[in-house]
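Trainee: I should like to learn how to read contacts and accessibility in a protein model. May we work through an example together?

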Amino acid sequence: GGVLRGGADTEAIFEKNKPTHVIHLAAKVGGLFANMAQKVEFFRENILINDNIMECCRLHKVQKLVSMLSTCIFPDKTTYPIDETMLHNGPPHPSNEGYAYAKRLIDTMNRAYAEEYNCNFTSIIPTNIYGPHDNFSIQNGHVIPGLIHKCYLAKKDKTPFTIWGSGTPLRQFIYSLDLAELSVWVMREYHSPDPITLSVDEEMEVSIKDVALAVAKAMKFDGEIVFDTSKADGQFKKTADNKKLRKHRPDYNFTKMEDGIQKSVDWFVENYDKARK
């Protein structure tokens with residue numbers, strides 16, 4: 001991230017590696033609370049990173065660029081489920097508007113680069129990602145890795161497992177290896193500047209409470225589970241519509257949440273010392 005914020009540094013990476021295909025995952029990211037506290041940094045750093053990467057891809061005649069967007073950049077006031085065409089239909093949730101506007105501009109620029117320079121640039125919109133090798137920070141991480149770390153500590157210290165918020169918000173979670181597989185498919189097979197949502201089906205949406213219980217089960221935690229309702233919940237739901245993906249990949253089998261959480265918990269317990277946290 002630090003390197004990609006600088007134009008000359010990004011140029012040097014392209015010059016050295018001469019990529020023909022680029023999957024752009026670099027970003028300044030964080031959970032609800034980090035986004036609320038640092039809107040300027042979330043906007044500026046992401047704008048710089050994205051501009052450097054896209055322009056380098058054009059200058060170096062990269063054959064295909066796939067950039068990662070996020071469901072949390074969609075309009076706050078919207079009907080559900082949300083699909084790719086609704087991305088710019090209203091302002092994002094105020095809690096992360098710095099990040100959201102920077103990310104939305106990737107979509108704008110994918111179409112602009114296609115029209116003006118005939119570049120094959122597109123974007124993918126995953127739902128909440130989790131899996132081994134995640135960032136398990138309790139303060140700055142995302143929902144599942146944060147809960148896994150918290151539950152680990154609660155089990156170790158024999159204290160209650162406390163979840164921030166009421167546990168009622170609904171989310172779709174995608175296992176990291178499923179997302180990796182589908183990202184490679186997009187690179188090879190999906191050629192349009194319009195974004196494609198990479199998400200589990202709507203029926204696989206779960207509450208944060210269900211996730212917390214699945215984490216406790218995978219961790220074999222049998223202590224007290226507490227929901228701290230003094231903490232903010234964020235958006236109640238942001239259901240994503242994966243119809244476009246299902247049109248292309250009707251038979252794709254997503255990893256079940258229980259299995260993915262078990263794999264993530266096992267990895268975290270085995271790699272506690274070296275895990276990002």
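Mentor: Let us begin with a definition: a residue is called buried under 20% relative accessible area, exposed over 50%, and partly exposed in between. Please keep in mind that this model is predicted.

Trainee: Is Lys231 buried, exposed or partly exposed?

Mentor: Lys231 has a relative accessible area of 30%, so the residue is partly exposed. Its side chain meets that of Asp228 in a salt bridge, at 3.6 Å from N to O.

Trainee: How is a salt bridge recognised, and how many salt bridges does a search of the whole structure find?

Mentor: The criterion is a side-chain nitrogen of Lys or Arg within 4 Å of a carboxyl oxygen of Asp or Glu. Here, the search finds nine salt bridges. One of them joins Arg58 and Glu55 at 2.7 Å, N to O.

Trainee: Where do Arg58 and Glu55 lie?

Mentor: Both belong to helix α3, which covers residues 39-59. They are three residues apart, about one turn of the helix. Arg58, at 22%, is partly exposed, and Glu55, at 25%, is partly exposed as well.

Trainee: Which salt bridge is formed by Asp241?

Mentor: The side chain of Asp241 pairs with that of Lys243 at 2.8 Å, N to O. Asp241 has 10% relative accessibility and therefore counts as buried, whereas Lys243, at 58%, counts as exposed.

Trainee: Which residues make the nonpolar surface patch?

Mentor: Ile23, Leu25 and Val184 make this patch of about 240 Å². Ile23 lies in strand β1, residues 21-24, and its relative accessibility of 37% means that Ile23 counts as partly exposed.

Terms used
Residues are numbered from 1 along each chain as its sequence is written. This is a predicted model: local features need pLDDT of at least 70, side-chain atom pairs count only at pLDDT 80 or more; totals for chains, interfaces and linings use all residues. Side-chain values use heavy atoms; hydrogens and water are left out. Patches are made of residues with over 30% relative accessible area and no salt bridge: like charges are joined within 9 Å, nonpolar side chains (Val, Leu, Ile, Met, Phe, Trp, Tyr) within 5 Å. Accessible areas come from the Shrake-Rupley method with a 1.4 Å probe; for residues, only the protein chains shown count as cover. Helices (H or I, at least four residues) and strands (E, at least two) are DSSP runs, numbered from the N terminus. Buried means under 20% relative accessible area, exposed over 50%, partly exposed in between (1.4 Å probe, protein chains only).
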